[in-house]
Amino acid sequence: MSSGLTGRQRAVLALVCAVAVSAIYGIQPILETAGEDLGLREGTLGWLVAAGQIGYLAGLVLLVPLGDLFDRRRLITVHLLLTAAGAMVAAGAPGGGVAIAGLALAGLFAVVVQITVAYVAAVSPAGERGRNIGAVTSGVVIGILGVRVVAGALGELTGWRTVYLVIAALCVALAFTTRFTLAPDIRRPRARYGRSLASLGRLVTGDRLFLSRGLVAFFLFASFGTLWSGLALPLGDAPWHLGTTEIGWFGLAGLTGALGAARAGRWADRGLAPSVTGWSLALLTASWLLIAQAGSSLWLLIVGVIVLDFAVQAVHVSSQHLLTTARPDRSSGVIGAYMAFYSLGSALGAITTTWAYSAAGWPAAGLLGAGYAACGLLVATSARRSAGPAFQERLDSRP
């Protein structure tokens, strides 16, 4: 059976996801350098990170539903160009205010990631949907983790502004590449934009599958955010005293784990998404036993990071497979709303990990991350039991 996508097209779309999320997360490893150059006080540096996240959350609600109304190929092209515009504004910003505005603009249109996933779901036959979603969304993790390595090194060599110049150039190049390598995804919209937005609210209150998967995503990425927003704290402290570039290399461990979960899409195609979700969340919880040892053993930390990112990606791919299978005619809006839970969870993890570390050190942050993972496992287990096996099997078998 044809997958609906060639290997080259999957690679291009994975790269789109990687570069788009880099526009949001690229500021993290170069935050201090950028703040000094822009004249920002230490207490206001957080706005450089928050700007992209705020823009991204707005885009999830306002822009992603457009994918159910218009040609997604065209939206991918336009959103990439506008993401490039935001990155260029940030790169050339004379002060903090302009930089924050540019990062917010880049984050707003970085939701091209969700338009891309919806495109993949729409053009893929049912038996290959999970495989293709897994392959393309691997680019998201590559972008989130890989940019830590690249931006940290590039920022030290040439300055923080170069990071966003490179991101902008890649977005422009990918905009033209997708325009000429992807097939159109033309549709006849069944609802107007306003109705599409209103229907998202009804998902939370009236769709049990969506609500359970959204809550799982919330706790999943709260645990993920606890690690990656706080890991620099114990690594930069005694006894390691690692620099920015050295800390960035730990992103490679995360990449190893996340890419190892590429088969999660194939498992989902075989109807195993609920089972994968359950054991992956259990694995995520257990990974924190190793990650909590960051103050005494870097090797245990590396193994824990690999396991954590494997588990997060496996659950994430399984959830998107279930949601796009259940609502194939509204995949853009459903994925956008689902990712709002992701964004809120990531923000919660980022805020609480610094609080836990300052209060009781990295073991406390580890307990926090494990607690979030355990909450996600509880939600997934409860949802599966209440749905019943016949109902779940029917979801997994929908075309």
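## Exercises on cores, pocket and cavity

His316 touches Leu220, Phe221, Tyr338 and Met339, leaving out residues up to four places away in sequence. The model is predicted, and the exercises below start from this residue.

**Exercise 1.** Place His316 in its helix and decide whether the residue is buried or exposed.

Solution.
- Step 1: His316 belongs to helix 16, which spans residues 298–326.
- Step 2: The relative accessibility of His316 is 6%.
- Step 3: Buried means under 20% relative accessible area, so His316 counts as buried at 6%.

**Exercise 2.** Describe the largest cavity: how much space lies in it, and which residues line it?

Solution.
- Step 1: The search of the whole structure for cavities of 30 Å³ or more returns one.
- Step 2: The space in the largest cavity is about 80 Å³.
- Step 3: The lining includes Val140, Val141 and Ile144, together with Phe221, Phe224, Asp309 and His316. Phe221 is also a contact of His316.
- Step 4: Helix 7, helix 10 and helix 16 each supply at least two lining residues. Helix 16 has the largest share, four residues.
- Step 5: By class, eight lining residues are nonpolar, two are polar and one is charged.

**Exercise 3.** Characterise the largest pocket by volume, lining and contributing helices.

Solution.
- Step 1: The volume of the largest pocket is about 1500 Å³.
- Step 2: It is lined by 46 residues, and those closest to its centre are Gln28, Pro29, Leu31, Val49 and Ser229.
- Step 3: Helices that each give at least two residues to this lining include helix 2 (31–38), helix 3 (46–62) and helix 7 (129–158). Helix 17 gives the most, eight residues.
- Step 4: The class count for the lining is 24 nonpolar, 16 polar and six charged residues.

**Exercise 4.** Locate Ser346 and find its contacts beyond four places in sequence.

Solution.
- Step 1: Ser346 sits in helix 17, residues 331–360.
- Step 2: With a relative accessibility of 10%, Ser346 counts as buried.
- Step 3: Leaving out residues up to four places away, Ser346 touches Phe221, Ala222 and Gly225.
- Step 4: From Ser346 to Arg384 there are 38 residues in sequence, and the C-alpha to C-alpha separation is 24 Å.

**Exercise 5.** Identify the largest nonpolar core and the helix with the largest share of it.

Solution.
- Step 1: The largest nonpolar core has 113 residues.
- Step 2: Helix 10 (residues 208–230) provides its largest share, 11 residues.
- Step 3: Another core, of seven residues, lies apart from it; Ala261, Trp267, Phe310 and Val317 are among its members.
- Step 4: Among the residues with the most contacts inside the largest core are Ile27, Leu48, Tyr164 and Trp362.
- Step 5: Excluding neighbours within four places in sequence, Ile27 is in contact with Ala34, Leu48, Val49, Leu103 and Tyr164. Val49 is also listed with the residues closest to the centre of the largest pocket.

**Exercise 6.** How many disulfides does the structure hold, and how far is the nearest cysteine sulfur from that of Cys171?

Solution.
- Step 1: Searching the whole structure gives zero disulfides.
- Step 2: For Cys171, the nearest cysteine sulfur is that of Cys17, 12 Å away. A disulfide needs sulfur atoms within 2.5 Å, so Cys171 is in no disulfide.
- Step 3: Cys171 is buried, at 0% relative accessibility, whereas Cys375 is partly exposed, with a relative accessible area of 32%.

Methods
Residues numbered from 1 in each chain as written. Predicted model: local features only at pLDDT ≥ 70, side-chain atom pairs only at ≥ 80, totals over all residues. Heavy atoms only, no water. Buried < 20%, exposed > 50% of the residue type's maximum accessible area, 1.4 Å probe, protein only. Core = buried A, V, L, I, M, F, W, Y, C linked by side-chain atoms within 4.5 Å. Contact = heavy atoms within 4.5 Å. 1 Å grid on protein atoms, 1.4 Å probe; cavity = no way out; pocket = protein on both sides within 12 Å on 5 of 7 lines; lining within 4 Å. Points joined across faces, edges and corners; volume = space filled by probe spheres on them. Nonpolar A, V, L, I, M, F, W, Y, C, P; charged D, E, K, R; others polar.
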